[in-house]
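The following exchange sets structural terms against their definitions. Please look at the sequence and the structure first.

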Amino acid sequence: MERPKHIHLIAISGVGMAALAGLLKKAGYAVAGSDTGVFPPMSTLLERAEISCKVGFDASHISPETDCVIIGNAVSRDNTEVVETIRRGIPYYSFPEALKRFFLHEKKPLVVAGTHGKTTTTSLLSFVLHFAGLDPGVMVGGIMKNFNTNHLLGKGDYFALEGDEYNTAFFDKGPKFLHYSPYHAILTSLELDHTDIYPNLSALTEAFKQFVRLLPKEGRLIASDDASVLEVAKEAACPIITYGFQPESDWRAGDVCSIGEFTYFDLYHRHEEIGTVKSPMIGKHNIKNTLAVIALTHHLGVPIETILKGIGQFQGVARRQDIVGEVNDIIVMDDFAHHPTAIAETMSALRLRYPKRRIWAVFEPRSASSRRNVFQKDFVTAFSGADCTILTNIFAPEKLSEELRLNPTQVIADLTALGHIGFLIPTADEIVAFLLGRLLPGDLVCIMSSGGFGGIYTKLVAGLKEKGTL
């Protein structure tokens, strides 16, 4: 098709779709969209970009001048705007197809894939490339604090983006990352997730094997030294650069410590000590994410001194171990963790950074996988690292049959049977009231959800401030 002028995005307020909308607007297209609910931070991003967003779905939202439609994977074939698009014969794309067509075809895509760490790793990679003056294009699944956005148009040769293994659209059930033509890639981790579309680990592993086979011979695969990742890496036709804590890894971290607001570790490249890394991020998982970025940017020719300076100035990503308030020496933290492994890593990281604080873990089972009982026992292990755990009821239970649902009551019962402190509290407002009656100076509350969780973060901070003035 010829270059379109007026593009409409159906389900525009998803983090990826909103980033794409912003990129399109900056590239000179007339952009509009619609969604059932538009909330911060994506609503703020769209407003700042002056992108019109209609609430709800209706055929009339597809304006007469629309000559291209992008369809998010959150909508189905019978969506009224999809039906209207097809009726009028308007060309349409999935989100990853559009990203490739409009932004990746003239770039060298740097794709970050893996079960965990994609957003943080892509954000850090983007900032280091920007800090080095390489002006990358960027699309990431979170708000990068250094840029206060989730996308950058960029004029440089590289485009850094997350490679999501979730399905593409109702008309394309393959994983998104198969559309991105990776030139170089990072593979952070691989374990069972998205159990609503992958029945077992073998099916998920095969998707990742398809992804690494896309890498050209002149590319590089930056692979974690996890056994599951290294097995998939064998499928790549290009050279592999490994990273992690294993002695044989090409890039390795040693002598980790936490001092004040920073994590420090010694950096080794093929057994040679290179220097000391100073990072504002916490936890061993973030050390590995940092090593991945070092490995790739070093391969791209960025001087190691520049890389280390960039890492030290990275401000992080919203909703990733994000301190949203501190009142009377009580820290309230927002985190996106929803997989048991991510939760366990977060608890371990908090122990390292805040060894003297009492840690409260507050969790909403909201993602497709966390609402299923496939991780029933794993959640018990994951929350064992907290001093006190609060679970709420699973989000939208009616969308799952009872035999498939996670049982939060049983998770709490199993935790308490092991000697841990746990509570099941049904709603966000009830959790806030419960915490306000029990929190003490020196406590840390880590609230974890893949969604808005009823505004619990702001409500708790507001409640603590009000309590402090009484």
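**Terms and their evidence**

Q: What makes up the lining of the second largest pocket, in nonpolar, polar and charged residues?
A: The lining divides into four nonpolar, eight polar and two charged residues. Ala, Val, Leu, Ile, Met, Phe, Trp, Tyr, Cys and Pro count as nonpolar, Asp, Glu, Lys and Arg as charged, and the others, Gly among them, as polar. This is a predicted model, in which local features need pLDDT of at least 70 and side-chain atom pairs count only at pLDDT 80 or more, while totals for chains, interfaces and linings use all residues. Residues are numbered from 1 along each chain as its sequence is written, and side-chain values use heavy atoms, with hydrogens and water left out.

Q: Which residues lie nearest the centre of the second largest pocket?
A: They are A32, H61, S63, E65 and T66, out of 14 lining residues. A pocket is an open set of points on a 1 Å grid over the protein atoms alone, where a 1.4 Å probe fits, with protein on both sides within 12 Å along at least five of seven lines; lining residues have an atom within 4 Å of a point. Strand β2 gives the largest share of the lining, four residues.

Q: Why does the radius of gyration of the protein agree with that of a compact globule?
A: The rule for a globule is 2.2 Å times the number of residues to the power 0.38, and the radius is taken over C-alpha atoms. For 470 residues this gives a value near 23 Å; the protein has 22 Å, and therefore the two agree.

Q: Why is one side of β8 and of β17 left without a neighbour in the sheet?
A: The open sheet of 10 strands has the order β8-β7-β9-β6-β12-β13-β14-β15-β16-β17, with mixed pairing. Because β8 (149-152) and β17 (272-279) stand at the edges, each has a single partner strand. Strands are DSSP runs (E, at least two residues), as helices are (H or I, at least four), numbered from the N terminus.

Q: What makes β4 and β5 a pair?
A: Two strands pair if DSSP finds at least two bridges between them. Strand β4 (residues 68-71) and β5 have three bridges, in the parallel sense. V69 has Y92 in β5 as its bridge partner.

Q: Which strands does helix α3 lie across?
A: Helix α3 (residues 80-87) lies across β1, β2, β4 and β5, at about 145° to β1. Angles run from 0 to 180 degrees between N-to-C directions, with axes fitted to C-alpha atoms, for helices over the stretch in contact; contact means heavy atoms within 4.5 Å.
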